Every structure is written in C-alpha cells, then in structure tokens.
Number of protein chains: 2
Amino acid sequence: MSRTTPQRQAIRDALAGAGRPLSPNELLDLAQDEIPKLGMATVYRTLSLLVEEGEAVAVELPGEPPRYEHRSAAEHHHHHFRCDSCERVFDVEGCPGNMKGMLPKGFSLRAHHITLFGTCDECAKKAG
Amino acid sequence: MSRTTPQRQAIRDALAGAGRPLSPNELLDLAQDEIPKLGMATVYRTLSLLVEEGEAVAVELPGEPPRYEHRSAAEHHHHHFRCDSCERVFDVEGCPGNMKGMLPKGFSLRAHHITLFGTCDECAKKAG
DNA sequence: CTAGTTGCAAAGCATTTGCCTGTGG
DNA sequence: CCACAGGCAAATGCTTTGCAACTAG
C-alpha cells in the first residue's frame with residue numbers, strides 16, 4: 001500500500017496550497033523548504049502517484065512541459081492563463097463555449113483546451 | 001547566403017503539400033521518399049531555417065512536441081484539431097472570440113490558443 | 001520485521017551541436 | 001574554388017529507472 005512519508009506530505013501540501021498549476025521544478029523548490037534533501041526523482045514519482053490517485057491533475061500547455069494542479073481546481077471546467085513575463089500559469093473561469101461550429105464536416109468533438117497568453121496583474125504593476 | 005539543396009527542397013515540398021501541421025518525424029518520412037538518406041538533424045536544421053525565413057510556423061499543442069505548418073496556413077487566424085485516434089492535427093476555421101471576459105482583474109490578453117480534441121472524419125468512418 | 005520509499009547516479013529519448021566530408025553557385 | 005550544408009555521432013536537458021540504504025506501519 002501507499003505510505004505517508006514526509007516527502008509526499010510536503011509535495012501534497014505545496015500542491016494544495018498553491019492555488020495554481022505548478023511545474024515539477026516549482027514543486028521541488030516549495031517542498032524543499034520542508035525537506036531540503038528532497039530529490040527531483042521523488043517529485044516525479046510522487047506526481048505520478050498523485051495523478052493515479054486522482055489527487056492531482058496534469059495541466060498541459062502548448063509548448064511547455066506539463067504542470068500539475070490539485071484536484072479541487074480540476075473539479076469544474078476551467079482554462080489557463082500563462083503570463084509572458086513571470087511564466088506562471090493561473091486558472092481562469094468561464095468559457096466561450098459553442099466550439100462545435102468550428103468543426104470540419106464529419107469531425108466530432110470530445111474536449112477542448114483554451115490557453116490565454118498575456119501579462120498577469122503583478123507583472124503589469126511592476127512594468128508600470 | 002542560404003542555399004537551395006535537394007534536402008531542403010524535399011522538406012519544403014512536403015510541408016507545402018501537406019495542408020496540415022506535420023511533426024518532424026512525419027516530415028522526415030515524407031521527405032525521405034525523395035532523399036532516402038536524409039537525416040533527422042537536417043530536418044530540424046531546415047525547420048529552424050524555414051521558421052526564421054517565415055516560410056513555416058511552429059504549431060504548439062498541449063502535451064506534444066511542436067509541429068510545423070506552411071506559411072499559407074498561418075496567414076489567417078485559425079485553431080487546431082487533434083484526432084484521438086490517428087493523432088494527426090488539422091487546421092480548423094472560426095473562433096468563438098471574446099475571451100477577455102475570462103481574464104482575472106488586472107490581467108491583459110495578448111493571444112489565445114484553442115485546441116479541439118475528438119475524432120476526424122476518416123477515423124469516424126473506419127470505426128463505423 | 002520487511003515491503004514500500006528515497007536519494008543518487010546512470011539510462012532514456014527527442015532535439016541540438018560539433019566535426020569533417022561533400023557540393024551548390 | 002570554398003563557404004555553406006549534410007550526415008553521423010556525441011552532447012544536451014528533462015524525465016525515468018536501477019539499486020542499495022532507509023523507514024513507516
């Protein structure tokens with residue numbers, strides 16, 4: 001059975017507390033505040049485990065390696081925003097919907113991903 | 001200056017003739033019909049060159065390495081559809097637009113990507 | 001106790017680069 | 001002729017795996 005270890009707890013906590021999708025590196029940095037010797041391999045292994053358990057969800061963005069967010073964020077339909085400046089990713093609410101009109105004849109739709117790109121509020125402030 | 005070689009010509013032709021975004025591997029296969037000894041390194045080097053020249057455009061999809069499409073496809077705003085079954089990617093016309101309403105307060109929008117997932121017409125027919 | 005976990009180092013893979021030979025202009 | 005290109009093989013960077021030591025239950 002799957003054990004509760006300090007490493008896993010630190011990773012779970014970081015994910016749950018972030019409120020946005022985190023990259024494996026961001027996760028390593030955050031979790032190392034708790035467990036300084038934590039290795040990247042453990043982060044990857046724990047992420048696979050959390051995804052299997054349904055505790056975390058992979059967030060795939062165009063042109064970037066996957067990030068991961070806590071189950072609570074994934075429970076409702078949402079999309080993502082990536083800041084050009086700080087490169088952080090945020091969840092965004094709402095959806096234009098009605099994407100069936102875009103389909104070529106004979107194609108059927110199962111899902112859609114929308115990614116917005118621009119500047120987040122913090123970076124906008126810094127830039128003046 | 002940049003030279004015209006049989007390798008580059010084969011790659012250009014494959015891209016121009018495809019009518020949809022191609023992965024480096026698809027491109028290698030197609031171009032090897034013309035130049036059997038063509039190497040992957042040349043495909044990658046030529047793609048960078050074509051992108052610099054504006055002859056080709058990189059198409060980034062969530063969770064996948066970039067594909068490339070001919071300039072002619074990129075001249076107008078469009079999005080992409082990926083078939084779950086054959087894994088090919090197609091261009092789709094139209095756009096729900098008005099994505100600004102989704103932005104959190106203080107965020108500004110520069111661009112958006114939409115990717116549709118489902119089954120293409122050919123695969124739908126095969127599946128009956 | 002002892003099977004599941006971890007850290008470290010080595011292995012994988014797709015992409016990129018270095019180097020020497022070949023060739024377009 | 002000779003600077004640019006191409007093929008091959010080695011290097012890279014991120015992710016995964018192997019393995020011996022460690023620890024939760």
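A residue counts as near a molecule or strand if one of its heavy atoms lies within 4 Å of it. The model here is predicted, so local features need pLDDT of at least 70 and side-chain atom pairs count only at pLDDT 80 or more, while totals for chains, interfaces and linings use all residues. Residues are numbered from 1 along each chain as its sequence is written, chains are lettered from A and ligands numbered from 1 in the order in which they are written, and side-chain values use heavy atoms, leaving out hydrogens and water.

Going by that cut-off, 18 residues surround DNA strand C, and the closest are S2(A), R3(A), R8(A), T42(A) and Y44(B). The residues of this surface split into 6 nonpolar, 6 polar and 6 charged (Ala, Val, Leu, Ile, Met, Phe, Trp, Tyr, Cys and Pro are nonpolar; Asp, Glu, Lys and Arg are charged; the others, Gly among them, are polar). On the DNA side, 64% of the strand C atoms within 4 Å of the protein belong to sugar or phosphate, and the rest to bases.

Some polar contacts (pairs of N or O atoms within 3.5 Å) can be picked out. A polar side-chain atom of R3(B) sits 3.0 Å from a base nitrogen of DNA strand C. Phosphate oxygens of the strand come into play too: one is 3.4 Å from a polar backbone atom of T4(B), and a backbone N or O atom of K37(A) is 3.4 Å from a phosphate oxygen.

As for the two protein chains, a rotation of 180° with 0.0 Å of shift along its axis puts chain A on chain B, with an RMSD of 0.1 Å (a least-squares fit on the C-alpha atoms of residues with pLDDT of at least 70 in both). That is the relation of a two-fold axis.

Terms used
A polar contact is a pair of N or O atoms within 3.5 Å; within protein, one must be able to donate a hydrogen and the other to accept it, and residues adjacent in sequence count only if both atoms are side-chain atoms.
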